[in-house]
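User: Please take a close look at how one pair of helices packs in this structure, and then set that pair beside the rest. I am new to this structure, so give each term its cut-offs.

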Amino acid sequence: MTLRIMEKNVIATESEIEVKDIYEKLTARKLAFIFGGIAGIIVLSILACSVGAAHISFAEVAKVIFAKLTGLNFAVRKVADTVVWQVRFPRVLLAIVAGAGLAISGAGIQGITRNPLASPFTMGISAGAALGAAVAIVLGWSIVGMGKFFIAGNSFLFALFSAFLVLGVSKLRGTTEETLILAGIAIMYIITAIVSFLQFIAGKEKLQGLIHWLFGSLANANWDKLFFVSIFVFLGSFFLFRYSWDLNAMISGEEVAKGLGVNTERVKNVVLILCSFITAGVICFTGIIGFVCLMSPHIARMYIGADHRFLLPSSCIVGAFLLLGADTLGRTLLSSSEIPVGIIVAFLGGPFFLYLLLTKQRGF
Amino acid sequence: MKLSIKGIEFHYNSHKVLKDVTFQVVEGEVLALVGPNGSGKSTLLKCINRILKPQKGTVLLDGKNIETFTNRDIGKLIGYVPQSAFHTFSLTIFEMVLLGRKPYVTWKIGERDKKVVWEILSVMGLDKISDRSFNELSGGEKQKVLIAMALAQEPEVLLLDEPTSHLDLRHQLEIASLIFKLVKKQKVSVIFATHDLNLAGRFSDKVAFLKRGEIFAIGSPQEVFTPEIIKEVYGIQAKVLSQTEIERPLVIPISPC
């Protein structure tokens, strides 16, 4: 025997149709945000490939990319081909993938902790990544040994190590949202202190290298980096999307979630681990880019609400947009040199967020 | 579905909350759980659908130990309405009620899921405001949404923790009689915790008095609503009117003793 409310005839069908209407309008609006966002990113990408020291027209950018993707031949200048395909396009794609990855991790962590201030950074992941980079740059030692991924590999493993440390410590007291965040912040401070100490003892040249790494930058983007970052982001996001319903249940309260048959402990662990992998996979190649993972989910929520089926993809779009926009500005603002994207994204993203906070109706 | 609770014991660290609680609810029966603050009402409800795991005792659903069910199956069989909820990130009413379908869906919601949700929203009178965000609602509206969410689970057992505590008199009657009618029609077994003895007496087949984690008295409202039992459990003098318009006994609290 189940509760078959449908058989009742007390229900006015008109009101049902009305609810259906409201629901479909809401869904349409969310989908419009997502597809509009994708279109916006494509336009911004072409713009980003076009601007810079060597100006290349939109048409030429489109031709180069189209030619490479389809294998057809178009008449394009050699310089345009090299600049777009070897330099700008991989960088643009890296900005998109990295931005999306950071944003979805932020949404995931905020979902399981139900805390608007939480992000992969409060889980000690960024501090761990910084320590890994610092050890590699200053001490010249890396877990992965010498080679191409001397810094990135070390940074990645240290980031994961500190994430597991946070998870482990909070497990000792039962993983509540509070212990997870407090343990994360405590460990972040400890690790940051070690990084500061390494900066303190580092020679001038190494210090400069480390500080540059810590700023966060997409300047050395290439297809190789893009490949590795994409693997983490796509795989992680794929699994994270499957937890959309569980995250919706989590934000409705732990007891409600359990009542709906959600294994809350497992959801917390899995989401935390997935977000750690994505974030570590991104920042070990880009350096510490803050703000995107914390703020993108909030911005997305203001437009489309908290339903994770839509929030996760929307956060990705906002994150990609923010990072791509900031990076493009960063490399074109000054003619003499590039401003690292980590600086720009916080400097411009902060006021943008405040503007939204003060003008948008829907709270978070 | 028949629900048997056998010898449930629960303690937080050394503090014993429930001691050897045993009772049964047969299919389609409504049991009201009453008792003073801290007597263990909420804890007992949470032990039944395994939000909390009791240290001793068993819960049987139609004779089958609940531990043999998966979490998802429990979500299909037992609906739970918490006392209150605050959400940092707030879903809309529609999304929350849809969440009640969680035990049935993996990723994509089907037409039937939507239909169930739409009908419940209409029945509960939430249809006009279904796009509003949960946190913007009044206490009463929130309670209605939480009840609607549990109904969307199409449960066979419904556990409600003070389901009408934030409602005004009119809405209390409306919601209570709506739940009562719905569950009677569908033979859903209900346990609801409440502080309102008269509501308990009016909308239940059986009332269980809980005192310091133990069942002090259980029976029909006519049997257990006596000045003696109320005095023992609550420590107050009360008058019980047995001949009333609603054909159920009415309790009038007089003074603490």
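Analyst: What follows starts with one helix pair and then moves to a second pair, the chain interface and the salt bridges.

This is a predicted model, in which local features need pLDDT of at least 70 and side-chain atom pairs count only at pLDDT 80 or more, while totals for chains, interfaces and linings use all residues. Residues are numbered from 1 along each chain as its sequence is written, chains are lettered from A and ligands numbered from 1 in the order in which they are written, and side-chain values use heavy atoms, with hydrogens and water left out.

The pair is α5 (residues 150-171) and α6 (residues 177-201), both of chain A, whose axes come within 9 Å and cross at roughly 135°. Helices here are DSSP runs of H or I with at least four residues, and strands are runs of E with at least two, numbered from the N terminus. Axes are lines fitted to C-alpha atoms, for helices over the stretch in contact, and angles run from 0 to 180 degrees between N-to-C directions. α5(A) and α6(A) are therefore oblique to each other; angles under 35 degrees count as roughly parallel, over 145 as roughly antiparallel, 65 to 115 as roughly perpendicular, and the rest as oblique.

On the α5(A) side, the contact (heavy atoms within 4.5 Å) is made by residues including A:Leu165 and A:Val169, and on the α6(A) side by residues including A:Ala183 and A:Ile187. By class, this contact has eight nonpolar, four polar and no charged residues. Ala, Val, Leu, Ile, Met, Phe, Trp, Tyr, Cys and Pro count as nonpolar, Asp, Glu, Lys and Arg as charged, and the others, Gly among them, as polar.

A second pair in chain A is α12 (residues 292-304) and α14 (residues 341-359), with axes that come within 11 Å and cross at roughly 30°. α12(A) and α14(A) are therefore roughly parallel to each other. Among the residues that meet are A:Met295 and A:Ile299 in α12(A) and A:Phe352 and A:Leu356 in α14(A). The residues of this contact divide into ten nonpolar, one polar and no charged.

Between the chains, the contact takes 54 residues from chain B and 44 residues from chain A. Three salt bridges are found across this interface, a salt bridge being a side-chain nitrogen of Lys or Arg within 4 Å of a carboxyl oxygen of Asp or Glu. B:Glu95 forms a salt bridge with A:Lys30, with the closest N and O atoms 2.4 Å apart. Over all chains, the count comes to 25 salt bridges.
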